[in-house]
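Colleague: Before I plan anything at the bench, I would like to go through this model with you, one question at a time.

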Amino acid sequence: MIFDKLKDEVNELLSRYPVKRSALLPLLYIAQREEGYVSEPAMKEIAKLLSLTPSQVYETVTFYSMYNLKPIGKFHVQVCRSLMCALVGSDNIVEWIQKNLNISSGQTTADRTFTLSVVECLGSCGTGPMMQVNDDYYERLTEEKVGQIFDDLKQKGSSSLKSGPFMFPQPTKS
Amino acid sequence: MSEHTTTGMVTVTIDDVTASVPKGTLVIEAARQLGVMIPHFCYHPKLAPDANCRMCLVEIEKMPRLQTSCSTQVTEGMVVRSSVPTVKQARKSVLDFILANHPLDCPVCDQGGRCDLQDFSHEYTASGTKFVELKRVFQKEYFSPVIETQMNRCVQCLRCVRYCDEVMDVRALAPAGRGTLTKIKSFGVHELDCEFCGGCVQICPVGAITSRLSMYEFRPWMLKRTESTCGYCGDGCQMTFQAKDNDLIEVNSTLGVGRNNGDLCSRGYFGYHANVHEDRLQSPMIRCDGELVEVPWEEALAVVAEKLTAIKSANGADAIGGLIASRCTNEDLYLFQKFMRVVIGTNQLDSSARYGHMNGIHALQRVQGTHRWSMSFDDLLSANAILTVGTNLTETNPITALKVKEAVKRRGAELITVEALEPAIGTISNIALLSTHHLPLAPDQFASGTIGLLKAVIQENLVDAELVAHAKDYIDAIKKQVDAISWTDIEARTGLTAEIFQDSAKVFTRAERAVILVGQGVLRSQGGYGMTLNLMDLLVLTGKLNRIGCGLAPLAEENNDQGSVEMGAVSELLPGGKDCRSREAQQSLEAAWGCSLPSGEEGTLMDMLGKAKRGILKAMIIVGENPIGSLPPDSGIEDAIGKLEFLVCQELFLTDTAKRADVIFPACSYAEKDGTFTSTEGHTQAVRKAIEPLGESRPDWEILSALSVMMDHPLEYESVKAIGKEMRDLMPGTRTLGPSPLPPRPCLDTLTQYLQEGYQDTLATRYCLPGMKATHTFVLNVGQSIFHSGKFSTRAKGLIQIQSQGVLSMHPEDAERLGLACGDGVCLENQLGQVKTTVKLSDRIPCGVLFFPEHFDQDIQRLFAVSVDNDTHVPYFKCAHVEVSKAS
Ligand code: SF4
Ligand code: SF4
Ligand code: SF4
Ligand code: FES
Ligand code: FES
């Protein structure tokens, strides 16, 4: 039971909404944060917490591409393929990744390190091609850069090529 | 939409026709009333508007763009056009998008010929879609044993999903994914597990959800339609049998028809195969050298006539008894009791209404002098407060449950539930989740719970002022009883504090219109009659008994429990529910029948069995009832039947009782005969012959009529209609045509009599808390499952695919305490014996309670002791206390 150890967080969340059901998306987010994906037991647990049926939780999960219904690799690589990125070559990036990781979109590498998803606009259109790996953005990608990022991730678990962290409003440079 | 305000009318013009309709009417409905059919997929009168398909677009003057007529309400002076070119073009475009993906596999689709998409395409886009892209293709996925999905055909109107949620409150269906790739699923890769009401199949406008029971077996135009009434439960749903080559192919229901108004439950929708099961008896049989052998009708009838005549002349008419199932038609029941009373000449007769329904009838008769509800099904919808006690409503009376759901969800009624249910979400709906005041009690606590409510009424001064003025003694007598019972004692019995009783009592009393639904958990449990009387007291005390829209409704389990009472197929009542000892009733019946009535004493089921055991009752005629299957061994039923000199059974199947018969007449099912059933609310509805009788089987009334001729007391009727006419002449309330009869009003003389002295009898016994069970034991309750009805439904292949065996439901906490997991073997034990079964965890069941479906109770019956109600002679055997251990 993943929420057993998160009682305070769950209660705090539930207290924010007049209608219990409204807490569905944040709870799914927590489930995914804890397990890397939204598992069936997690959906059932959430259903119970919110007086929904498992089917009602499931339909919501399937509606949003940000929730994973299957376990994913340590790094979830999401490459934008929407128009702006496509104009500056996102398809080459995707192809390069597919070839080098030997997986296609929706798949995970055998060592469970990388999962590749091709997604719609991530709101970083001015700096395409771009991708998101777990919570970090990587922009103005080239094949070399992606290779470097993947090496870093494998070796160090993070890469200095990531953008940000950003804060809003942007701190003014003095 | 029923909740639209109806204050005032507005004038609307649709396609040049002007009319006035109630304010708030949806444009699509207004158009329908004016004879204009606006094509639609997602709209359905039962569902809240969703406006997701765009098929219903119309032009409305003074509004920009086209509007969805399914979600737009008419306003004064609105001018709507539904057949102008822009509208037609819009419809064509919507169809273009749908057909871009639709497989057009009409030749192999069961919906072909009655499909909205076919019809609209035919009308608007004869040339097909203009899109040339590849069609979306979903891999076929297994959905469920009885329901099939073919998602390539889905138009994504979500009617199925919304029906399952809004009407059924089951919420089993999920539209998974987005956009054109949305498909209807249940939960992940799991197969559907739900109430299997078939509603999603029926409401799908295309062939995307279909029944597997009839898959590929027909084209709609091959089917012969027969409007009839469901033969499973007392809700009396109106349905249509669809037959081909003398075989039942499917069942449907129609919006606007019957109290069910287009809804059915799994038994009605998927249970029809029981009628035509291959084990049906097809020719008469008599016992020869211990074996049952097939013989011609004449021979079997002659043997029975001769034997019954001989027993009657040797031992008197009272040596012969009769028992009939409440599943039979009114005509069968009527002729059965006439046969017993006139041809045999005895009052030794009973029906399966004795198993519980008689408790409700006697309580109604005693307090308000009616043998029917003094309220109607519609009063449930308009109630402000509904109290259910021991109903397990969803499972026993699913359509009544839908009315309660509608009353609560759409009309804001307050719901007080005294039920052996926990408000947990499961695969079937749960009314405890909807209730405003839930009193979770075990069946052996219902009596204490009822007393709690009455105590609260007295203590909180909720007694009706008018009653205080003229029935002081009655009130004082009850007050004295409840004052002697302390809240501490009630709390010890129920685990509930005074507050919940007080709150519930206030809600109930405050309600302008309040109804009480009484279920099998009360009617079939120890003290059921007393409990029902106490609930009547609740109505009387709160001043609601005689108020319009209020009443107490005992729910009939079997389809024609109410009919068997009204037809006089129970020992103490003559046709019309008249007391068989009333000289006046006897005289009028004697005049009508032209013969005298028997003067011997009455004999109910349990009386007859007692007499059989003592060798006084020598012969029995059992019509469609299987007492060996129904009663636990503790009743001595085997012994009683064994001692009979002669047993005749009229049966569809070789039941445990029929196996013991000396002669068996093959009866036909209700799908093979004409007649009527009376629903639990007292509404008599037509049963019509959908197929010819199988083999040599015949309607029960015909067999009895043939027998009467051979016994020289001919009860001859040229057809079943002639019996119907005789019945209606005697009892005008059993007409089937015309508007349904209004519910009777309580008889004020009877009520006055009750308030003066009628209440005194049994007051002390019924206002007394039952003893407490030992803490380490469980309350084992056998009862009805939503998927079955009696043992009959276990012959329906669809229902068996849904539920094929009985398992014991137990609360997970109890299971954990005992170290049990789902699927483990358990041993149940009490002083009567020991039974092994399998356990299933269910958080619907309260802790300390066990539930087992009665349809599979052959083994477990051993654990149940039988006690008989002193007043109503109802045998109680549905509840036992047992110890549970893990089976080794
Ligand atoms: S059959 Fe099941 S899924 Fe379909 S409407 Fe009924 S309860 Fe819902
Ligand atoms: S399965 Fe039928 S009812 Fe359900 S969304 Fe598809 S077309 Fe509509
Ligand atoms: S069993 Fe009862 S609720 Fe179900 S369809 Fe038949 S009459 Fe209706
Ligand atoms: S188009 Fe790629 S981030 Fe917007
Ligand atoms: S019927 Fe109106 S939008 Fe579907």
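Colleague: How do the residues of the shell around ligand 3 divide into nonpolar, polar and charged?

Modeller: Please keep in mind that this is a predicted model. There are 13 residues around ligand 3, and among those that come nearest are Cys230(B), Tyr232(B), Cys233(B), Cys237(B) and Gly268(B). Taken by class, the residues of this shell divide into 8 nonpolar, 3 polar and 2 charged.

Colleague: Which helices of chain B each supply at least two residues of the shell around ligand 3?

Modeller: Gly268(B) is one of the residues that come nearest to the ligand, and its number falls within the range 266–270 of a helix that contributes to the shell. With a second helix, at 398–409, supplying at least two residues as well, the names you want are α6 and α12 of chain B.

Colleague: Which residue takes a positive phi in the hairpin of β13(B) and β14(B)?

Modeller: Strand β13 (residues 285–288) and strand β14 (residues 291–294) of chain B run antiparallel and are joined by 4 bridges, with Cys288(B) standing opposite Glu291(B). The hairpin has 2 residues between the strands, and the one with a positive phi, near 50°, is Asp289(B).

Colleague: What is the bridge partner of Met285(B) in β26(B)?

Modeller: Strand β13(B) is also joined by 2 bridges to strand β26 (residues 663–666) of chain B, and these two run antiparallel. Within β26(B), the partner of Met285(B) is Ile664(B).

Colleague: How many of the residues of chain A, in per cent, count as buried?

Modeller: Chain A contains 7 helices and 4 strands, and its C-alpha atoms fill a box of roughly 50 × 45 × 30 Å along the principal axes. Of its 174 residues, the share that counts as buried is 28%.

How values were computed. Residues are numbered from 1 along each chain as its sequence is written. Chains are lettered from A and ligands numbered from 1 in the order in which they are written. This is a predicted model: local features need pLDDT of at least 70, side-chain atom pairs count only at pLDDT 80 or more; totals for chains, interfaces and linings use all residues. Two strands pair if DSSP finds at least two bridges between them. A residue is near a molecule or strand if its C-beta atom, placed from the backbone, lies within 6 Å of it. Ala, Val, Leu, Ile, Met, Phe, Trp, Tyr, Cys and Pro count as nonpolar, Asp, Glu, Lys and Arg as charged, and the others, Gly among them, as polar. A residue is buried if 20 or more other C-beta atoms lie within 10 Å of its own, exposed if 12 or fewer, and partly exposed in between; C-beta atoms are placed from the backbone.
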